[in-house]
Amino acid sequence: MHTVVVGGGFGGVKAALELSKRQIGKVTLISDEPYFLHHATLYATATGRNDAESVIPLHTIFATHPNVEIIQDKITTFDPQRHLISSKKKDYHYDKLVLALGSVTTYFDVKGLRDHAYGIKTLNDLKKFREHIHDEVVSKRLDKELFVIGGGHTGIELASALNQYLNELKNTYQLKAAAPKVMLVEVAPRILTKMSVTASKKVKHELQKQGIKVLTNHRVETLDENSITIDGKDYPTSTALWTSGVINNPFYAHHAKHFRLTPKGQVIVDAYLEALPDVYVIGDNNTVKYSGLASAAIKQAKHVAKNITRLATGRPQAAYHPTSSPASVPVGDRWGYVEWFGVYLDGKSGALLRRYIELHGYCQLMPSKMARTIWRAHYLAEVDDQL
């Protein structure tokens, strides 16, 4: 049996690992990048921490899995009748196909965002932002407000890490006159809308305590090279980070004749996570409860690997039953918030628990010794001669 897995994120990597462990045939992992991005820690890499915790080469993860072939390629076409998925340069035949393509950024047609906002969703995004901060330091322009747009997990993690990073840069480069301020902007009535009201209140209080201004019920209208307009008011700035909008990977819309899609473009799957016979769609791309979280992608990947194994050994598939996982968010290095089933932990204890949740995530993708080494990279400075 030949299983092709497309996508180098949590879902794709975990599916390939589980299939490899079960030794039921050849596994091919196709990713458009040669590395895995640990999105939950990109905020730290973007603000002065070592790349090692968030940018992990795929060949490192699969070093002890010789039955997994890693191919760097971008899939463009799909023919389920012929069991064929293709790029512009090559066709890939499969017996089973697992699609875990992740989401892509959308700017909701806000004028200037695409051209002038920074992001942290890709490695290229990170590099552009670091170069920008370097230029601001060299030219001693760290004297304006910096805007983080989006009050979800990524926005809060980034706003707090950026605030801490700016204070470190001021001290390191003796920019005594600089007085940068971080502002977090959210269009909804509260931040962390996918978590409890308690989470929103406590995290907002901690952000403000750390000196970050939080604007809720505020909409970004335009952004240019030197200013941002929020609810009709112009603010001078050269730094705005967009963390707010994502949509499903356009691959599915381009092949809508093969998939059942929701109005938002997500793929409808059956109880076994199949969208078509022999084609599984997991993670951000489907409509299953809790999809969109790394923990859900990992659970779905493990389940699909079990079902493919069951079919290979003549047994029927088992239905997938989604389960929740703890929700957590760090606000700087020493404060965190974690909640699960109405129970929460905050402060230093919350920060510690959040770190161990991150360690658990690494352990899902690599041996524990390697996971701990990469996890500890959080406390290392970036390897970068620019700053």
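Two strands count as paired if DSSP finds at least two bridges between them. In this predicted model, that criterion underlies an open sheet of three strands, arranged in the order 21-22-23 with antiparallel pairing. The briefing also covers the packing of helix 1 (residues 10–22) against helix 9 (residues 294–312) and the one cavity of 30 Å³ or more that a search of the whole structure finds.

**Sheet of strands 21, 22 and 23**

- Strands of a sheet pair through backbone hydrogen bonds, in either a parallel or an antiparallel sense.
- The sheet is open, its strand order is 21-22-23, and its pairing is antiparallel.
- Strand 21 (327–330) and strand 23 (343–346) each have a single partner strand and stand at the edges, so one side of each lacks a neighbour in the sheet.
- From one strand to the next, the twist averages 10 degrees.
- Helix 7 (residues 197–209) packs on this sheet and touches strand 21, strand 22 and strand 23. The direction of helix 7 makes about 175 degrees with that of strand 22.

**Pairing of strand 21 with strand 22**

- Four bridges join strand 21 to strand 22 (residues 336–340) in the antiparallel sense.
- Opposite Ala327 stands Glu339 of strand 22, while Ser328 faces Val338 of strand 22.
- The hairpin of strand 21 and strand 22 has five residues between the strands. In this hairpin, Gly332 adopts a positive phi near 85 degrees.

**Helix 1 against helix 9**

- The axes of helix 1 and helix 9 come within 8 Å and cross at roughly 30 degrees.
- The crossing of helix 1 past helix 9 is right-handed.
- Helix 1 contributes Phe10, Gly11, Lys14, Ala15, Glu18, Leu19 and Arg22 to the contact. From helix 9, these meet Ala294, Ala297, Ile298, Ala301, Lys302, Ala305, Lys306, Ile308 and Thr309.
- Classified by residue type, the contact of helix 1 with helix 9 has nine nonpolar, two polar and five charged residues.

**Internal cavity**

- Rolling a probe the size of a water molecule over the atoms shows where empty space remains.
- The search of the whole structure yields one cavity of 30 Å³ or more, and the largest cavity holds about 40 Å³ of space.
- The lining of the largest cavity consists of Glu136, Arg141, Leu142, Asp143, Lys144, Glu145, Leu146, Ser238 and Thr239.
- By class, this lining has five charged, two polar and two nonpolar residues.

Terms used
Residues are numbered from 1 along each chain as its sequence is written. This is a predicted model: local features need pLDDT of at least 70, side-chain atom pairs count only at pLDDT 80 or more; totals for chains, interfaces and linings use all residues. Side-chain values use heavy atoms; hydrogens and water are left out. Helices (H or I, at least four residues) and strands (E, at least two) are DSSP runs, numbered from the N terminus. Axes are lines fitted to C-alpha atoms, for helices over the stretch in contact, and angles run from 0 to 180 degrees between N-to-C directions. Contact means heavy atoms within 4.5 Å. On a 1 Å grid over the protein atoms alone, a cavity is a set of points where a 1.4 Å probe fits but cannot get out, and a pocket is an open set with protein on both sides within 12 Å along at least five of seven lines; lining residues have an atom within 4 Å of a point. Grid points are joined across faces, edges and corners, and a volume is the space filled by probe spheres set on the points. Ala, Val, Leu, Ile, Met, Phe, Trp, Tyr, Cys and Pro count as nonpolar, Asp, Glu, Lys and Arg as charged, and the others, Gly among them, as polar. A crossing is left-handed if the near helix is turned anticlockwise from the far one by less than a right angle, and right-handed if clockwise.
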